[in-house]
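Reader: I would like a close look at one part of this protein, taken strand by strand. Please keep it plain.

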Amino acid sequence: MSLKAISSKDAASLDKDLMEIGGWSLDQLMELAGLSVSQAVYRVHPPSSGKSVLVVCGPGNNGGDGLVAARHLAQYGYTPSIYYPKQGKNELYQRLKTQLTNLSVPFIDDLPVAIKSADFLVDAIFGFSFGGPLREPFPTVISQIESSTIPVLSVDAPSSWDIESGPPKEGPGAKFMPEALISLTAPKPCVKYYRGRHFLGGRFLTKSITDKYGLDLPVYPGIEQIVEVGVSGEGRL
């Protein structure tokens, strides 16, 4: 089937509608997003493939999704660790950190060493609101991920990619192509430049919201919070 991509402006508007009209809180939306991310990790990299999962988080909501995903991964039997170089100061992020600390999930400082010892990496640095340019430490962080051989799942968009035009022409992220990508709520336009396993997470959307934004979402099987959707050479899903 063909799924409509949603611009960053409409994605922000949709989130606002969910909270102002739909009765959702940011905590709830982040919890569902992180749950979807954790299920995508389980699908592409089950614990039998290696339990050490490194979650790299940015300072905003995308990083919050990563923190939630790490908590679920710990409950699934993985041994996650967190690299969180520029931490969000919102009280919500502090609570998410406390939840992870209570599960003995470590926050690490040396990314290159952590990458070498991890079996899988979750890129939760930047989401649909990213507009560049990259500021330190993130050019270095993305370059280190890009040059590694570790399999990566990116949350909402590969970090460093422009939401509309895809990977940068040069510099950090120009050759970044993660093995898997999970789009949250709806695909973003940059997905047409992506080649890999693509998942969608957004089972909580109502008909009024999907109608307003012209979204044609797939049926989620069983109790799954995610569905795998292919991307063709023309960028159609």
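In what order do the eight strands of the open sheet lie, and is the pairing parallel, antiparallel or mixed? Please go through the sheet and then say what lies around it.

Author: This is a predicted model. Its eight strands form an open sheet, and their order is β3-β2-β1-β4-β5-β6-β7-β8. The pairing in this sheet is mixed. At the edges are β3 (107–108) and β8 (226–228), each of which pairs on one side only. As general background, the strands of a sheet pair through backbone hydrogen bonds, and these can be parallel or antiparallel.

Start at the β3 edge. Strand β2 (residues 79–83) is joined to β3 by two bridges, and the two run parallel. Within this pair, I82 has F107 of β3 as its bridge partner.

The next strand in the order is β1. β1 and β2 are paired in the parallel sense over five bridges, and V56 has Y83 in β2 as its bridge partner. To get from β1 to β2 the chain passes through helix α3 (residues 61–76), and this β-α-β crossover is right-handed. β1 also runs parallel to β4, with five bridges joining them; here the bridge partner of L54 is L121 in β4.

β1 is mostly covered, with six of its six residues buried. The cover is on both faces: S52, L54 and V56 are buried on one side, and V53, V55 and C57 are buried on the other. Helix α6 (residues 138–146) lies across β1 (52–57), β2, β4 (120–124) and β5 (152–155). The helix runs at about 150 degrees to β1.

Further along the order comes β6, which follows β5. Three bridges join β5 to β6, and these strands run parallel. V155 stands opposite I182 in β6. On to strand β7 (residues 197–201), β6 has five bridges, again running parallel, and the bridge partner of I182 in β7 is F199. I182 thus has a place in both pairings, opposite V155 and as the partner of F199.

Is β6 enclosed or open? Strand β6 (residues 180–184) is largely enclosed by the rest of the structure, because five of its five residues are buried. Both of its faces are covered: A180, I182 and L184 are buried on one side, L181 and S183 on the other.

Now for what lies around the sheet. The largest pocket holds about 530 Å³ of space. It is lined by 30 residues, of which D15, N61, N62, D65 and F128 are the closest to its centre. Helices α1, α2 and α3 each supply at least two residues of this lining, and the largest share, six residues, comes from α2. Helix α3, as noted above, is the helix of the crossover between β1 and β2.

Two single residues can be added. S7 is in the segment before α1 and is partly exposed, with a relative accessible area of 23%. Leaving aside residues up to four places away in sequence, S7 touches E164 and P189. S7 and K192 are 185 residues apart in sequence, and their C-alpha atoms are 13 Å apart in space. G22 is in the loop between α1 (8–20) and α2 (26–44). G22 is partly exposed, at a relative accessible area of 45%. From G22 to L73 there are 51 residues in sequence and 28 Å in space, C-alpha to C-alpha.

Methods:
Residues numbered from 1 in each chain as written. Predicted model: local features only at pLDDT ≥ 70, side-chain atom pairs only at ≥ 80, totals over all residues. Heavy atoms only, no water. Pairing = 2+ DSSP bridges. Helix = DSSP H or I, 4+ residues; strand = E, 2+ residues; numbered from the N terminus. Contact = heavy atoms within 4.5 Å. Axes fitted to C-alpha atoms, helices over the stretch in contact; angles between N-to-C directions. Buried < 20%, exposed > 50% of the residue type's maximum accessible area, 1.4 Å probe, protein only. Right-handed = clockwise from strand over helix to strand, strands pointing away. 1 Å grid on protein atoms, 1.4 Å probe; cavity = no way out; pocket = protein on both sides within 12 Å on 5 of 7 lines; lining within 4 Å. Points joined across faces, edges and corners; volume = space filled by probe spheres on them.
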